[in-house]
Amino acid sequence: YYSGGLDWTFVETPIQDISTMFMTVPQTPEYVRYANRHWLELIERYQPSLMWNDIAYPAAANLPELFAHYYDAVPEGVINDRFTQQFELDPVTGGFINRGHFDFKTPEYTSFDKITEQKWEATRGIGYSFGYNRNEGPESYLTLRDLVHSFIDIVSKNGNLLLNVGPQADGTIPEIQRERLVGLGGWLAVNGEAIYGTRPWTAADGQTVEGPDVRFTAAHDAIYAVVRGAPAMPAVTLRGIRGEEVSAVRLLGDERPLDWQLTDAGLRITLPQPLPAAVAEVATAEAFALKISARDLVLRL
């Protein structure tokens, strides 16, 4: 990480809003050399897996040359989308198109509404700040449920989650942030198979007959359906699921196969009662993952 667009030793203009922030990006030849040397040192010393720049970069910089140097040093490295100010207005959507080079997008405090082929990374803090903000109370922070639900949604659409943690002045992590991190880690300890090493399925979103919505991921010959609801219901029906070769269904956190049947409404799965201890321990996240072993599974909405 390097903030190539902010340096108050070169520009002392105070930042008052988002527009003045970009106006304070230093543009002198001296700053170009200064910023480039920082990147060159980082590349030489650490061979970073990615170059994560923030808040633009001086327009006069020779970015193709800098990027070529990086790719020569780290052939499989990737570069984020925050180096350039080469934006154009999209006449169709009204949004902005980034015409500069990048390998992945970094939407901030937002997500995409569908599977995006190009890799992307949702960027946000646990609260509204990138760093510790003593003025933020519990209402400013994601609940564990909201964090897990957002994370599942992002992964199902081909994204990563970059979650900022803000330590206090003494280096300690505030308890409210620690609770969220430990809770997410606990949920992943049970359900990580539906996340790690997976790819988007043919559809990201689904619904259950019982009410909660679903996010899908896929790996090899299995589909993972992550139900965004409490696992207390006796059965869950994945609406619209059709498949000729479903061979097994299992609740992550439990090795026992589940009873299932394909109905006119979809794939109906009977959940174990009582819940396995591992699943019950992370039930406050209100999300549980089902592994569906199948070779030919489709979702017809």
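This passage walks through a sheet, its nonpolar cores, some aromatic pairs and one buried threonine.

The model is a predicted one, so to speak of local features a pLDDT of at least 70 is needed, side-chain atom pairs count only at pLDDT 80 or more, and totals for chains, interfaces and linings use all residues. Residues are numbered from 1 along each chain as its sequence is written, and side-chain values use heavy atoms, with hydrogens and water left out.

Start with the open sheet, where 5 antiparallel strands line up as E7-E8-E9-E15-E12. Helices (H or I, at least four residues) and strands (E, at least two) are DSSP runs numbered from the N terminus, and two strands pair if DSSP finds at least two bridges between them. At the edges sit E7 (205-207) and E12 (246-251), each pairing on one side only. From one strand to the next, the twist averages 30°; axes here are lines fitted to C-alpha atoms, for helices over the stretch in contact, with angles from 0 to 180 degrees between N-to-C directions. Inside the sheet, E9 (residues 222-228) and E15 (residues 288-294) share 6 antiparallel bridges, and alanine 222 has serine 293 of E15 as its bridge partner. Helix H4 (residues 144-156) lies across E7, E8 (213-219) and E9, at about 45° to E8.

Another antiparallel pairing joins E10 and E14 (residues 266-270) over 5 bridges, with threonine 237 partnered by arginine 268 in E14. Strand E10 (residues 235-239) has 4 of its 5 residues buried, so it is largely enclosed by the rest of the structure. Buried means under 20% relative accessible area, exposed over 50%, and partly exposed in between (1.4 Å probe, protein chains only).

The largest nonpolar core has 49 residues, and Val148, Trp187, Val236, Leu238, Ile269, Leu290 and Ile292 touch the most other members. Such a core is a set of buried Ala, Val, Leu, Ile, Met, Phe, Trp, Tyr and Cys residues joined through side-chain atoms within 4.5 Å. Two or more residues each come from H4, H5 (175-191), E8, E9, E10, E12, E14 and E15. Beyond its neighbours within four places in sequence, leucine 290 is in contact (heavy atoms within 4.5 Å) with residues including Ile223, Val227, Val236, Leu258 and Ile269. A second, separate core of 16 residues includes Tyr2, Trp39, Ala61 and Phe67.

Aromatic pairs number 12. Rings of Phe, Tyr and Trp (its six-membered ring) pair if their centres lie within 6.5 Å; planes under 30 degrees apart count as stacked, over 60 as edge-to-face and the rest as tilted. Tyrosine 2 and tryptophan 39 have ring centres 5.8 Å apart and planes at 80°, so this pair is edge-to-face. The two residues sit 37 residues apart, tyrosine 2 in the segment before H1 (18-23) and tryptophan 39 in H2 (residues 29-46). Relative accessible area is 13% for tyrosine 2 and 1% for tryptophan 39, and both residues belong to one aromatic cluster with Tyr57, Phe67 and Phe83. Tyrosine 31 and tyrosine 34, 3 residues apart in H2, make a tilted pair, with centres 5.9 Å apart and planes at 35°. Tyrosine 31 is buried at 0%, whereas tyrosine 34 is partly exposed at 32%.

Last comes threonine 123, in strand E5 (residues 120-125) and buried at 4% relative accessibility. A polar atom of the threonine 123 side chain lies 3.4 Å from the backbone oxygen of glutamate 121. Outside its neighbours within four places in sequence, the contacts of threonine 123 include Trp52, Arg82, Tyr109, Phe130 and Leu162.

Technical notes:
A polar contact is a pair of N or O atoms within 3.5 Å; within protein, one must be able to donate a hydrogen and the other to accept it, and residues adjacent in sequence count only if both atoms are side-chain atoms.
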